[in-house]
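Here are some friendly notes to read with the structure open beside you. Take the points one at a time and find each residue as you go.

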There are 4 protein chains.
Amino acid sequence: MSQADFGRLELELAEVEMPGLISCRTEFGPSQPFKGARITGSLHMTIQTAVLIETLTALGAEVRWCSCNIFSTQDHAAAAIARDSAAVFAWKGETLQEYWWCTERALDWGPGGGPDLIVDDGGDATLLIHEGVKAEEEYEKTEETTTGVKRLYQMQANGTLLFPAINVNDSVTKSKFDNLYGCRHSLPDGLMRATDVMIAGKVAVICGYGDVGKGCAAAMKQAGARVIVTEIDPICALQALMEGLQVLTLEDVVSEADIFCTTTGNKDIIMVDHMRKMKNNAIVCNIGHFDNEIDMHGLETFPGVKRITIKPQTDRWVFPDTKSGVIVLAEGRLMNLGCATGHPSFVMSCSFTNQVIAQLELWNERSSGKYEKKVYVLPKHLDEKVAALHLGKLGAKLTKLTKDQSDYISIPVEGPYKPAHYRY
Amino acid sequence: MSQADFGRLELELAEVEMPGLISCRTEFGPSQPFKGARITGSLHMTIQTAVLIETLTALGAEVRWCSCNIFSTQDHAAAAIARDSAAVFAWKGETLQEYWWCTERALDWGPGGGPDLIVDDGGDATLLIHEGVKAEEEYEKTEETTTGVKRLYQMQANGTLLFPAINVNDSVTKSKFDNLYGCRHSLPDGLMRATDVMIAGKVAVICGYGDVGKGCAAAMKQAGARVIVTEIDPICALQALMEGLQVLTLEDVVSEADIFCTTTGNKDIIMVDHMRKMKNNAIVCNIGHFDNEIDMHGLETFPGVKRITIKPQTDRWVFPDTKSGVIVLAEGRLMNLGCATGHPSFVMSCSFTNQVIAQLELWNERSSGKYEKKVYVLPKHLDEKVAALHLGKLGAKLTKLTKDQSDYISIPVEGPYKPAHYRY
Amino acid sequence: MSQADFGRLELELAEVEMPGLISCRTEFGPSQPFKGARITGSLHMTIQTAVLIETLTALGAEVRWCSCNIFSTQDHAAAAIARDSAAVFAWKGETLQEYWWCTERALDWGPGGGPDLIVDDGGDATLLIHEGVKAEEEYEKTEETTTGVKRLYQMQANGTLLFPAINVNDSVTKSKFDNLYGCRHSLPDGLMRATDVMIAGKVAVICGYGDVGKGCAAAMKQAGARVIVTEIDPICALQALMEGLQVLTLEDVVSEADIFCTTTGNKDIIMVDHMRKMKNNAIVCNIGHFDNEIDMHGLETFPGVKRITIKPQTDRWVFPDTKSGVIVLAEGRLMNLGCATGHPSFVMSCSFTNQVIAQLELWNERSSGKYEKKVYVLPKHLDEKVAALHLGKLGAKLTKLTKDQSDYISIPVEGPYKPAHYRY
Amino acid sequence: MSQADFGRLELELAEVEMPGLISCRTEFGPSQPFKGARITGSLHMTIQTAVLIETLTALGAEVRWCSCNIFSTQDHAAAAIARDSAAVFAWKGETLQEYWWCTERALDWGPGGGPDLIVDDGGDATLLIHEGVKAEEEYEKTEETTTGVKRLYQMQANGTLLFPAINVNDSVTKSKFDNLYGCRHSLPDGLMRATDVMIAGKVAVICGYGDVGKGCAAAMKQAGARVIVTEIDPICALQALMEGLQVLTLEDVVSEADIFCTTTGNKDIIMVDHMRKMKNNAIVCNIGHFDNEIDMHGLETFPGVKRITIKPQTDRWVFPDTKSGVIVLAEGRLMNLGCATGHPSFVMSCSFTNQVIAQLELWNERSSGKYEKKVYVLPKHLDEKVAALHLGKLGAKLTKLTKDQSDYISIPVEGPYKPAHYRY
C-alpha cells in the first residue's frame, strides 16, 4: 500500500498516453452505461491495466481484478487501484497456489452471484467459472496447453460455453499493434533491464515470425543485431527472407547465436539440449504467452545444473560439465512483463479500448438476444474507431473520401474501409 | 521480331529467378495436365509473363496472349514468345483501339469456340467475353471504374458470371508479396530510370497505405526520403505512424513535397489544382492499377499548359502562369511498368505460381462440379505451397513440427499452419 | 557493501562482453607492467569501469577511484571493487561537496605523493591537481564550461600542463563507437526505464547531430519515432537530411514534439521558455556531458513551478499558468547514466581498452622522454588493435592483404590501413 | 548531335537538383572571375558534369573536356555541351586508344600553350601533362595501379608535381556524400537496370567497407538483402558489425551469395577462381574506380569460357565444365556509370561545387604565391559553405549560435564548426 502514491503518479502519466481510454471516459462517462454491472478481470495488473479499470469504473462498473500471470503484476499499480478504485488480488511473484486463490477471489462477488462481465486474458477466469474450483489441479495442466481465445473456441465447439464472448485478440487494432509494435518496444526493454547487454553486433534468433516474432525481429535488427528466424510456416518464412533475415533451424545456429527469444505460442521450442550447446552467457527468453516454450523443467532437473540468480528474473544456469552458462530471463515466462514493464501505454490503449467497447456491447445487448453463447469478433467499424481515437495524439490528419470517390470504390465515406478478410 | 534473341536471353535469366514456375514444370510437365486446354491471357506482356506462358505450354496448353495495359509490354519478351511459344498480341505503346483489338485477337480461337481458361489481370478479357464486342465503347468507361477482381465479384453478385473463377489476387503469396515487396523494388527503379533524381533528402508523399503503399513508403524511407502518407482508413494511418511516417492530407503538404505517388485504387487522388501548387519539377506518378488516380484529363486540358517530353514516359508539364512544371511519369499509368520493367522476377514467380496452380485446379475440376459459377480463393495449403517453392532459392530451411507440438496447437505437421483469417 | 555480491555477479557477466579488456589481462598480465604504478581514476563508477579497474590491477597497478558525475555511480559496482580490488570513493546521488571530497580522496595517496597516472573523463581530477584544493569553488564554475579533453588542450596551449596526456576520446574506436553506438543503445534504454513511454509514433527532437546525436537520432528513428534534428553545422545538417531526417530549429517544433534530447556539448540549448511551450508531458533530457544543455536553473527558479518526483531521476515539472508539465530526466544530467546503466559493456570495452593501452604507453615511456608535457592521440595501429580485439567475440573474420595488394596500394599487410585524417 | 536536344532537357532538370552550382553562377557569374582561364576537364562526361561545365563557362572560362572512363559518357550530355558550350571529346564505349586520343585533344589548346587549370578525376590528364604523349603505353599500365589523388601525392612526394593542386576528394562534402550517398543510390540503380533482379531476399557481398562500401551495404540492406562484408581493416569491420552486418572472407561465402560488389580501391579482389565457385547467375560488379578489382583478364582468358552478351554492359560468362555462369556488369568497370547514369545530380552538386570553389581559389591565387607546387585540401569553411548551399533545396533550417554559446565552446558564430580532424 505504501506504493499507492507512486502508482497514482505513473497512472496519471499513462493516462496522457492512452487517448482511446480517456475518449471512452469522455464519450460514455456521463451516461454511466455500466451502472449495475459487476466486472471481473483476469489480466496482467499493470499501470496500463489500472487505466483500463478506472475507465470501467468511470463508466459505472463495479470491478474486481486479478492478474493472469504470477510475475506480471506491478505492485504500485495494484496498490493505487486497491486504494482508490477497485478490489485487486494480485502481486508480483505469486505462487501458483496463490494465483488460483486470487482468481477465485476476483470472481467471488459474495452471496447472490458472480460477475456480469469478464475481462479475461489467458482464459483462466473463464475456466474457473466453467469448471469450478475443485478442478484446480487440472487447470494447471490446462494452462500449459492452450491460450485464452483458443479455450473459448474449444468451448464453443463443444457447446459448453455458458455465455457470449467477444474475441478482442483478433481485432486488427489489437493483433497488429499490441503484438507487433508492443513487442518491438518491450523485447529490447526487457533485455536491457535484465542484462544490460549490447544488442548491436550480436546474433539474435527469433523463434517464430508471427506478429510477435515480426515485432521482435524488427527490434533486434534495428538495434544492430544480425537476426535469424526459425519458422514452420513457409509464408512467414518467406516474409522474413524479404526483410533480409536468415531463416534456419534452431539446430543450425544454436552454438553461434547470442540471444534467443521464443514467440511461437507452441511448446518445447528451446530444450535443455539446445541450451547445453549454446555459447557461454547466451541469453534465453520467451515473449510468447506461456513458459513452456522454453524447457524450464528440463533445465531445472538437469543433473548438476547450478542456478545463480544475478537479480530477480535474471538467472544464470551453469552446466556442470562445461562450466558454461545460459542466462534465462523471467524463469521462461513473459520476459517483457517479468523483466520490464510490459508493453507501453499507447499501444495498450488500442488493445484496452477494444476491451471497453466489447464489454459495452455485451452489456448493452445482454437482454436483446443479439449475442448467442458464441465467440464473436468486434465489427470492422469499431476496430476502425479504436484506431481513429489514437490518431490525434500523434498529430495525424485523415483524408476524407468525396461522395464521388466513395461511389467509385463502393465504400461508405465513414467506413468501414476494408473487407473483413483484409490483412493490413 | 529482331528482339526475340534478346528476349530469349532475358527469359533464361528470369527462369533462374522464378523457382516456383520452374518447379511446376518439373512436377507437372511430364503428365501434360493442360493437354487440350486453350488458355487466353490478358496480363502485362513482360519477361516474367513470358516465363509463365512457357510454363503453361510446358504443361501442355495452347496459349494466346495480350497485355492488360497499353504501355506495359516489353517488346523483346513479346517477340521471344511469339517466335517460340504462343500467339502474342501486344506491343509497348498501343492506342486504346489497338488495345481492344489485341484483346479480341487473344480471345479468338477461330471457328468452333473460345478459350477454355482465362488468365485475366484487369478483367478486360472477361468483360469482353461477357459483353461482346459491340459494347466496346462501354468498356473504356468501365475500365475507369473497377479493377479486375472487383468486376468478378460484381458479376457473381449479379448472377451474370458465366464460369467459375479463382481470385488469385487475395492469395497471401500474391497480395503480401507482389504488392508489397514488388512495389518496394519497382517504385525506386521507375523513379531512377525516368528521372535520375536523388531520393535521399527529398519529401515523398505516398497516397494510400495499403500493401502497395506500404511497399512504396518503405522504399522511399529506406532510400533516405522523408515520407508523408495520406490515408482515409484510420487503421492503416495508425500503422504508418507506428513506422515513424507522418500522416497528413495532400492539401497540407502539396507545396512542400518533391515526389508524389498514388497507390490507392481510387480515382481523383491528385488533381490538376494540386499539381499547380507543387514545387517546380515535383514528380507525380501512379503505381495503382488505373491512370485515373492522377487527373490526367484535367492536366491535359488545362488552358495554356505545355507538355515537354523529356523522353518516352517522362513528361514535364509547364503551367502558363507560373512557368513552373511538374514531371509526370508514364502518363499517369503504372509507372513501374511504364518507366521500368515492373516487378522483378522472383516476386512475380510467387504471383504466377498461384496462377498456374489455380488454372490447373479449374481445368482438372472442369467436369467434376466442384466449382460453381462463383469466385473462389486458393485454399491455404496451396498458398503455403507457393511460398515453400521459393524458399530453397534463398537458402532458407524450415523447422518441422514434432507430432507432440502438432497435437498441442492442433495444427497438422504438414500445414496449413494458419486459420483463414490470419493476417500475416 | 551489502551489494558487493550482486556487483560481483554483474562484473562476471560484463567480463564476457569486454573482450578487449580481458585480452589485455591475458597479454600483459603475466609481465605485470604496472608494477609500482599508482593510478587514480575519475570516471563514472559503473560495472564496466569496474572491469577496467580490475584490468589495471591485474596488470600490477594500485588504484584509487572516484566518479566524474554525481549520479552515475552504480553502487553495487562500487561495492564489489571496494571489497575486492581497489579504493573507491563514489556513490549514486552525491552532493557537489561530496563529489569534490571524493575526487580529493581518490587523488590522495598519503604522505609522499600523488598518483603516477590518471584516468580522467571530465578533467576534474586533472584540474584538482593543477589548481589545488583551495580553488574548489572555482571548479564548480569550470565544470560548467568545458569538457575534459578541451581542458587539457587549453592547458597545453597555456603551457600549464604538468604532465603528458593521451587523448583517448579521439581514438576512432572511442568516438565512433562509444559515442555513436553506445548512445544508440542507451538513449532508448534510459527513456524506457524512466518513463515507459512508447517511442513509436512520437516526434523526437535531437539537438545536435555529431556522433552522439547521430546515435540518438538513429535509435529514435529505428524505434518508430519521427525525428527532427537541430544543428548549427551545415555539414552535419546535410548528413541528417540524407538520412531522411528533418532539420529545423527548436523554435519551429517546440510545441509539436514529444521527446527532446540534447547532445551538443554546448550550453543553453533547451531553455525554460522552450519548456513552457511544450506539449503536456513532453520528455526533456540530456545525453551530452554537462547538465547545462538544459536550463535547469531557469526551470527550478521559474515562479510557481511545481516539481513532482515520479521516481528518482524522473521529475514532472508543472507550470503554474498552464498546469501543463514537462518530464525532465536525471535533473538534466546524463540521462543514460542517471536513468539507465550507461553504455553497454561491449562498446565500453573498446573505450576502456584504449585507456589501458594509453596508460601502458605513458607508464612504459615515463622515463624515455618520448612524451613531452602535451596532449597526444593514440597512434592508428593501436586504434586498429583495439578494434581487432573485439572482432572474435562477434564471429567476424578479417581478410588479409596479399603482398602484391599491399604493394599496389602502399599499405603494410599488418596495417595501419588508413591515413591519419581518414574519417570512417 | 541528334541527342543534343534530349541532353538539354535533362540538363535543365539537373540544374534544379544542383543548387550549389546554380548558386555559384548567381554569386560569381556577374564578376566573370574565370575570364581568360582555359580549363581542361577529364571527368565522366555525364549530365551532371555538363552542369559543372556550364557553371565554369558561366563564370567566364573557356573549357575543353574528355571523360576519365571509356564507358561513362552519356552521349546526350556530351552532345548538348558540344553544341552549346564547350569542346567535348568523349563518347560511350571508347577504345583505350580512343580514350587517350580524347585526353590529348582536351589538353591541346593549340599553339601557344596548354590549359590554365585542370579538373582531373582519375589523374590521367595530369599524367599526360607530366609524362608527355610518347609515354602513352606506359599510362595504360599506370592506370591500373593508382587512383587520381594518390598520383598527385606521389608526385608531390617525388618533387615532380609541376603545379599546385587542390584535392577535392577529401572534402567532407565530397567523400562523405558522393561516395556514401551517391553509391547508396546508384548501386541498386545499376543492378536494376542491368539485371532487373530482385534484391530482397538475396545475399549480397560487399568487398570493402569504406565510404563507398558503407553506401553499398546500406543500399543492399535497405532493399531487403542479407549483407556480408569483407574487410582488411578491423575498425571498418567493427563498424559493419555494429550495423548488424556479417564480416567474413570472400572464400567463406563465395558459393552462397547472389550479388558481389567490389568497393576497395585495391586490385585482385574477385578472381576467376572465385567466380568459378559462385552460384549460377551470381552477379559480379565493381563500383570502385578501376576495373582491376575484378580479375577480368583471368575471366576472359579462362580456357573454354563463353561470353554471352545479354545487352550492352551485361554479360553472362559461362564456364565450360559446370555450364554455370556469372553475370558481370560493365566489364568490371564502374557499374553505376556503365549500367546506370552514375550518381544523381543532387549529390554531384556537392562534389562539383567543391570543384568550382577549388578552381576559383587556384585561379584567383595563381600569382599570389599562396599555393606552392603541392596538393592542398579545401579549408573547412569552404567545405561548410558547400553544404550550406544545399540545405535550402531540402527545406532545412539551421540553428544559429548565440554570442554566449559561441564564447562557451570557442567556436565562431559563422563557423568553421569543427576541428580539421573531425570525422563526421
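**Notes on the chain contacts**

1. Let us begin where chain A meets chain B: 66 residues from chain A and 66 residues from chain B take part in the contact. Please keep in mind throughout that this is a predicted model. Together, chain A and chain B bury about 6200 Å², and 58% of that area lies on carbon and sulfur atoms. Three residues are good places to look: I232(A), Y408(A) and R423(A) provide 15% of the area that chain A buries against chain B, more than any other three residues.

2. How are chain A and chain B related to each other? A turn of 180° with a shift of 0.0 Å along the axis lays chain A on chain B, with an RMSD of 0.0 Å. The same surface is used by both copies, since 100% of the contact residues of chain A recur in chain B. R423(A), already met as one of the three residues in the buried area, has another role in this picture: of the residues of chain A, R423(A) comes closest to the rotation axis, with its C-alpha at 2.1 Å.

3. Now for the polar side of this interface. Eight salt bridges cross between chain A and chain B, and one to find on screen joins D233(B) to K418(A), with N to O at 2.8 Å. There are also 30 residue pairs in polar contact between chain A and chain B, counting pairs with both residues at pLDDT 80 or more. On the side of chain A that touches chain B, the elements giving two or more residues are α9 (172-195), α10 (211-222), α11 (234-242), α16 (345-364), α17 (380-388) and α18 (403-409) of chain A. Which of them gives the largest share? That is α11(A), with eight residues. Sorted by class, this side of chain A that touches chain B has 29 nonpolar, 17 polar and 20 charged residues.

4. Next, turn to chain C and chain A. Here the contact takes 38 residues from chain C and 38 residues from chain A, and the two chains bury about 3400 Å² between them, with 60% of it on carbon and sulfur atoms. L13(C), D196(C) and M198(C) supply 19% of the area that chain C buries against chain A, more than any other three residues.

5. Chain C is superposed on chain A by a rotation of 180° with 0.0 Å of shift along its axis, at an RMSD of 0.0 Å. That is the relation of a two-fold axis. In chain C, the C-alpha nearest the axis belongs to Q222(C), 2.8 Å away from it. Both copies use the same surface here as well: 100% of the contact residues of chain C recur in chain A.

6. What charged pairs link chain C and chain A? One of them is the salt bridge between D196(C) and R193(A), at 2.8 Å from N to O. The count for this interface is six salt bridges, and nine residue pairs are in polar contact, both residues being at pLDDT 80 or more. On the side of chain C that touches chain A, α1 (4-17), α9 (172-195), β11 (306-311) and α16 (345-364) of chain C each give two or more residues. The residues of that side of chain C, where it touches chain A, divide into 18 nonpolar, nine polar and eleven charged.

7. Look also at D196(A) and R193(C), which form a salt bridge whose closest N and O atoms are 2.8 Å apart. The pair crosses between chains, from D196(A) in the loop between α9 and β6 (203-207) of chain A to R193(C) in helix α9 of chain C. Are these two residues buried or exposed? D196(A) has a relative accessible area of 11%, so it counts as buried, and R193(C) is buried too, because its value is 14%; the cut-off for buried is under 20%.

8. Finally, visit H390(D), in the loop between α17 (380-388) and α18 (403-409) of chain D. H390(D) counts as buried because its relative accessibility is 0%. The side chain of H390(D) reaches the backbone oxygen of V386(D) at 2.8 Å, and a polar atom of that side chain lies 3.4 Å from the backbone nitrogen of C350(D). Beyond its neighbours within four places in sequence, H390(D) has contacts including L238(C), P19(D) and F346(D).

Key:
Residues are numbered from 1 along each chain as its sequence is written. Chains are lettered from A and ligands numbered from 1 in the order in which they are written. This is a predicted model: local features need pLDDT of at least 70, side-chain atom pairs count only at pLDDT 80 or more; totals for chains, interfaces and linings use all residues. Side-chain values use heavy atoms; hydrogens and water are left out. Helices (H or I, at least four residues) and strands (E, at least two) are DSSP runs, numbered from the N terminus. Buried means under 20% relative accessible area, exposed over 50%, partly exposed in between (1.4 Å probe, protein chains only). A polar contact is a pair of N or O atoms within 3.5 Å; within protein, one must be able to donate a hydrogen and the other to accept it, and residues adjacent in sequence count only if both atoms are side-chain atoms. Contact means heavy atoms within 4.5 Å. Copies are superposed by least squares on the C-alpha atoms of residues with pLDDT of at least 70 in both. Buried area is the accessible area (1.4 Å probe) that two parts lose on being put together, summed over both. A salt bridge is a side-chain nitrogen of Lys or Arg within 4 Å of a carboxyl oxygen of Asp or Glu. Ala, Val, Leu, Ile, Met, Phe, Trp, Tyr, Cys and Pro count as nonpolar, Asp, Glu, Lys and Arg as charged, and the others, Gly among them, as polar.
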